[in-house]
Amino acid sequence: MDTKELLKKVRKIEIKTRRLSDHIFGGEYHSTFKGRGMTFSEVRQYQFGDDVRSIDWNVTARYNEPFVKVFEEERELTMMLMVDVSGSELFGTSNQFKKEIVTEISATLAFSALQNNDKVGLILFSDEVELFIPPKKGKSHVLRIIRELLEFTPKSSKTNIAEALKFLTNVMKKKAIVFVLSDFIADDYQNTLRIVGNKHDVTGIRVFDEREESIPNLGMVQMQDAETGEYQLVNTQSKRVRYAYGQYYKDKVAYYTDSFTKSGCGVINCRTDESYVRKLLGYFKRRA
């Protein structure tokens with residue numbers, strides 16, 4: 001992708017997702033993810049309806065009239081976007097690949113954080129951490145994240161979610177809002193997720209294509225594993241083959257749901273032909 005085409009794509013995603021975050025997600029994001037607590041801001045004269053428990057008795061005694069303490073939410077938070085860039089993310093049979101939906105969701109979340117003056121960081125992972133961008137504030141930083149999501153070429157096509165979660169615990173010492181975006185066709189990450197979930201506010205966003213859920217009856221078909229690159233002749237006429245694949249897929253989805261739920265983490269399921277806007281808004285509103 002040349003620079004001109006890349007900038008055009010970044011701009012297109014910025015316009016679409018910025019509008020969403022400004023008009024829809026900004027307020028929802030703010031009310032869903034609270035700051036670290038309340039911090040003292042100022043004192044002012046007591047007004048009718050103020051909580052008497054907030055009266056500052058020292059100032060009140062000095063001026064011989066009631067004054068109250070005013071507190072503000074200590075807002076600054078850090079959001080980490082953990083994005084699966086393995087081979088299976090390039091699958092798609094509807095209007096968009098999974099990777100494109102993941103990029104739009106990530107951009108929308110990043111702009112929502114930007115609007116609330118929070119820091120945003122990025123971890124791109126396959127079966128290793130491919131790229132780490134430390135959390136920072138600012139529009140230019142968010143645009144850099146979008147550029148990486150669009151043009152980054154991973155070294156590996158495999159997936160290891162546990163490895164990425166371990167990396168997160170090493171680089172993020174303070175509590176963060178963490179979104180893990182993947183199709184979650186992976187194993188053995190539940191124990192690591194439980195440790196991460198105890199420290200951070202974690203949400204899994206599973207992006208998937210409806211064609212992944214089952215294999216249609218198409219006769220003998222040559223199929224390629226997106227993560228290993230291996231080709232194999234598959235007899236899709238066989239009910240046993242179709243059932244085995246369907247069961248394999250259901251097991252992966254059940255493991256994802258079970259792992260995140262047991263770890264006290266949030267769960268969002270988003271099919272490529274569905275509105276991710278509706279899914280995110282519903283999740284934010286339920287949490288708020």
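**Exercise 1. Find which residues touch the most other members of the largest nonpolar core, and which helix gives the core its largest share.**

Solution. This is a predicted model. Step one: take the largest nonpolar core, which has 43 residues. Step two: pick out the members that touch the most others. They are Leu81, Val83, Ile105, Leu109, Ile146, Phe179 and Ile205. Step three: look at where the core's residues come from. Helix α3, residues 98-115, supplies nine of them, the largest share. A second core also exists, separate from this one. It holds 22 residues, including Phe125, Met172, Leu193 and Val196.

**Exercise 2. List the contacts of phenylalanine 179, leaving aside neighbours within four places in sequence.**

Solution. Step one: set those sequence neighbours aside. Step two: read off what remains. Phenylalanine 179 is in contact with Phe33, Met79, Met80, Leu81, Met82, Leu109, Thr203, Ile205 and Phe284. Step three: compare with the core. Leu81, Leu109 and Ile205 are among these contacts, and they are also among the core residues that touch the most other members.

**Exercise 3. Describe helix α3: its span, and how many of its residues are buried.**

Solution. Step one: count and span. Helix α3 has 18 residues and reaches 26 Å from its first C-alpha to its last. That is close to the 26 Å expected at 1.5 Å a residue. Step two: burial. Of the 18 residues, 15 are buried, so α3 is largely enclosed by the rest of the structure. Step three: look just past the helix. There, asparagine 117 takes a positive phi of about 60°.

**Exercise 4. Place leucine 20, decide whether it is buried or exposed, and give its C-alpha distance to serine 112.**

Solution. Step one: leucine 20 lies in helix α1, residues 3-32. Step two: its relative accessible area is 14%. Buried means under 20%, so leucine 20 is buried. Step three: leucine 20 and serine 112 are 92 residues apart in sequence, yet their C-alpha atoms are 8.6 Å apart in space.

**Exercise 5. Asparagine 64 and phenylalanine 184 each have a positive phi. Is each one buried or exposed?**

Solution. Step one: recall the background. Most residues other than glycine have a negative phi. Step two: take asparagine 64. Its phi is near 60°. It sits in the loop between α2 (57-63) and β2 (67-74). At 72% relative accessibility, asparagine 64 is exposed. Step three: take phenylalanine 184. Its phi is about 55°. Its loop runs between β6 (177-182) and α6 (190-199). At 1% relative accessibility, phenylalanine 184 is buried.

Notes
Residues are numbered from 1 along each chain as its sequence is written. This is a predicted model: local features need pLDDT of at least 70, side-chain atom pairs count only at pLDDT 80 or more; totals for chains, interfaces and linings use all residues. Side-chain values use heavy atoms; hydrogens and water are left out. A nonpolar core is a set of buried Ala, Val, Leu, Ile, Met, Phe, Trp, Tyr and Cys residues joined through side-chain atoms within 4.5 Å. Buried means under 20% relative accessible area, exposed over 50%, partly exposed in between (1.4 Å probe, protein chains only). Helices (H or I, at least four residues) and strands (E, at least two) are DSSP runs, numbered from the N terminus. Contact means heavy atoms within 4.5 Å. The expected span of a helix is 1.5 Å times one less than its number of residues.
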